[in-house]
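This briefing is for a reader who wants to go through selected local features of a structure with some care. Please have the sequence and the model open side by side while reading.

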Amino acid sequence: MLLPGASARAQSPCGEHYIIQPGDTLYQVTQQCRVQLSDLKVANPQIDVNDIPVGTRLTIPGATGGDGETARRQASYEVEPGDTLFSLANRYGISVDALLEANPDLDPDDLEIGHSIHIPGMADGQDGLVEEPTINVEPRAGGPGAPVTVSGENYEPGRSVQIGVGPPASEWRTLERAHVRSDGEVEAHVRIPETADPGDELVFVIHTQGGRTKVSSSVQVVELRNRDVPVDDGRTRTEEGRLARGAECLQLKTGDDRTYSLVGAGAQFEAGDYVRVTGETADVSICTQGAATIEVESIVRAEPSDNDTASLTRDYVLGSWSGKGSSCQSPDFVISGNAAGGQVVETRVNGEPRTGYVRLGGDPAFIFDTPHRELPISARSTDALAVKPPSSGPLSISGVRIGGDAAVFVRC
């Protein structure tokens with residue numbers, strides 16, 4: 001039976017378990033098995049992260065395949081009670097027309113339970129090792145005409161795709177076309193339709209030439225107050241701080257340690273940016289985090305004040321970190337403690353796996369073996385870490401260029 005539309009994060013190539021080999025570290029396991037370090041620790045509470053004996057059997061959270069086997073997408077699906085052509089097409093990211101074309105003997109009005117349906121694009125004999133394409137939309141709320149970014153991974157490089165929008169479980173219309181980059185990623189900057197009404201829910205899609213359609217989670221259309229009309233009702237506020245990722249919406253973390261969720265922040269801003277926000281406190285919101293939700297009327301970049309810093313302590317640096325806008329499904333580096341009380345950083349420097357240590361105190365830095373020995377670090381906020389290039393010149397950490405003044409990474 002075809003596996004349900006599992007995400008790339010759930011399709012771990014390690015299967016349900018992984019056996020620790022000589023020289024393994026938890027960071028290497030997270031990279032090899034495509035899981036987050038925090039999830040790995042939760043799934044294995046019995047382990048000592050600083051002392052994992054060879055032969056230890058780790059449970060891999062969210063795995064869908066067997067031990068050591070990549071999750072496979074098979075070529076057919078057996079109809080179950082409640083299935084419809086639309087639900088099957090939506091589940092596997094294809095169009096209803098493509099499904100009917102691949103199954104000419106199929107009666108769309110009478111799906112027989114137990115009948116085997118061929119899934120186009122996954123013919124018999126294929127090994128099925130290609131990861132499932134993904135789709136992501138940010139932000140998840142905005143007013144009519146507000147900009148959003150539609151992105152995805154694991155598409156066929158060089159191909160043209162359509163970016164569309166429409167109500168859930170209904171027809172969608174094309175907004176624009178985009179080309180898949182050589183790394184399989186696609187990104188388009190579009191807008192919520194001006195004709196959308198506050199309270200509407202929309203989904204965005206990426207449609208391929210092969211007839212497959214990936215559908216996003218719902219995007220909420222909210223009402224944005226006329227910015228030309230001044231309002232003094234005690235609910236309008238201006239706050240300043242750094243943006244961070246939230247469960248449903250972007251969050252603003254201020255210098256006095258308060259957190260607000262933002263609705264309609266715009267796709268041009270991302271986690272780690274320092275901004276000034278003006279808006280109205282929302283009575284009801286799709287966001288569930290923070291002291292309150294602000295419906296953004298204006299948002300601009302700002303310069304951080306002198307007190308927008310955090311002390312680089314052991315507790316601060318430990319954890320997984322990714323570059324601004326990158327996915328935490330595969331962190332750019334992980335800092336963990338060792339038995340001696342120090343901090344170990346594991347990453348890839350200029351494409352090569354490297355392990356170093358984190359020096360704290362008056363001159364904090366990542367310390368690696370020569371020729372790239374010392375990379376100064378500093379805190380930009382309570383969840384943003386700046387890594388500066390070494391004296392020898394720019395380099396890359398997991399593909400993120402460390403040059404200029406610094407590259408900023410945010411906590412996962």
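The points below cover an enclosed cavity, some backbone features in loops, a buried serine and a pair of strands.

The model is a predicted one. A search of the whole structure finds 2 cavities of 30 Å³ or more, and the second largest of them, which holds about 60 Å³ of space, is described here together with the cis peptide bond that joins two of its lining residues.

**The second largest cavity**

- The lining of the second largest cavity is made up of Glu138, Pro139, Arg140 and Ala141, then Glu248, Cys249 and Leu250, and finally Leu262, Val263, Gly264 and Ala265.
- Sorted by class, this lining contains 7 nonpolar residues, 1 polar residue and 3 charged residues.
- Pro139, one of the lining residues, sits in the loop that runs between β5 (136-138) and β6 (141-142).
- The peptide bond leading from Glu138 to Pro139 is cis, with an omega near -5 degrees, and both of these residues belong to the cavity lining.

**Positive phi angles outside glycine**

- Asn154 is not a glycine, yet it has a positive phi of about 70 degrees; this residue lies in the loop between β7 (147-152) and β8 (160-166).
- With a relative accessible area of 24%, Asn154 counts as partly exposed, because that value falls between the limits of 20% for buried and 50% for exposed.
- Ser398, likewise not a glycine, has a positive phi of about 50 degrees, and its place is the loop between β26 (395-397) and β27 (400-402).
- Ser398 is also partly exposed, with a relative accessible area of 24%.

**A buried serine in a loop**

- Ser216 lies in the loop that connects β12 (213-215) and β13 (219-221), and it counts as buried because its relative accessible area of 9% is under 20%.
- When residues up to four places away in sequence are left aside, Ser216 touches Ile135, Val137, Val203 and Phe204.

**Strands β7 and β10**

- Strand β10, which spans residues 186-191, has a covered face formed by Val186, Ala188 and Val190, whereas its uncovered face carries Glu187, His189 and Arg191.
- β10 pairs with β7 in the antiparallel sense over 6 bridges, and within this arrangement Thr149 stands opposite His189, a residue on the uncovered face of β10.

Methods
Residues are numbered from 1 along each chain as its sequence is written. This is a predicted model: local features need pLDDT of at least 70, side-chain atom pairs count only at pLDDT 80 or more; totals for chains, interfaces and linings use all residues. Side-chain values use heavy atoms; hydrogens and water are left out. Helices (H or I, at least four residues) and strands (E, at least two) are DSSP runs, numbered from the N terminus. Buried means under 20% relative accessible area, exposed over 50%, partly exposed in between (1.4 Å probe, protein chains only). Contact means heavy atoms within 4.5 Å. On a 1 Å grid over the protein atoms alone, a cavity is a set of points where a 1.4 Å probe fits but cannot get out, and a pocket is an open set with protein on both sides within 12 Å along at least five of seven lines; lining residues have an atom within 4 Å of a point. Grid points are joined across faces, edges and corners, and a volume is the space filled by probe spheres set on the points. Ala, Val, Leu, Ile, Met, Phe, Trp, Tyr, Cys and Pro count as nonpolar, Asp, Glu, Lys and Arg as charged, and the others, Gly among them, as polar. Two strands pair if DSSP finds at least two bridges between them.
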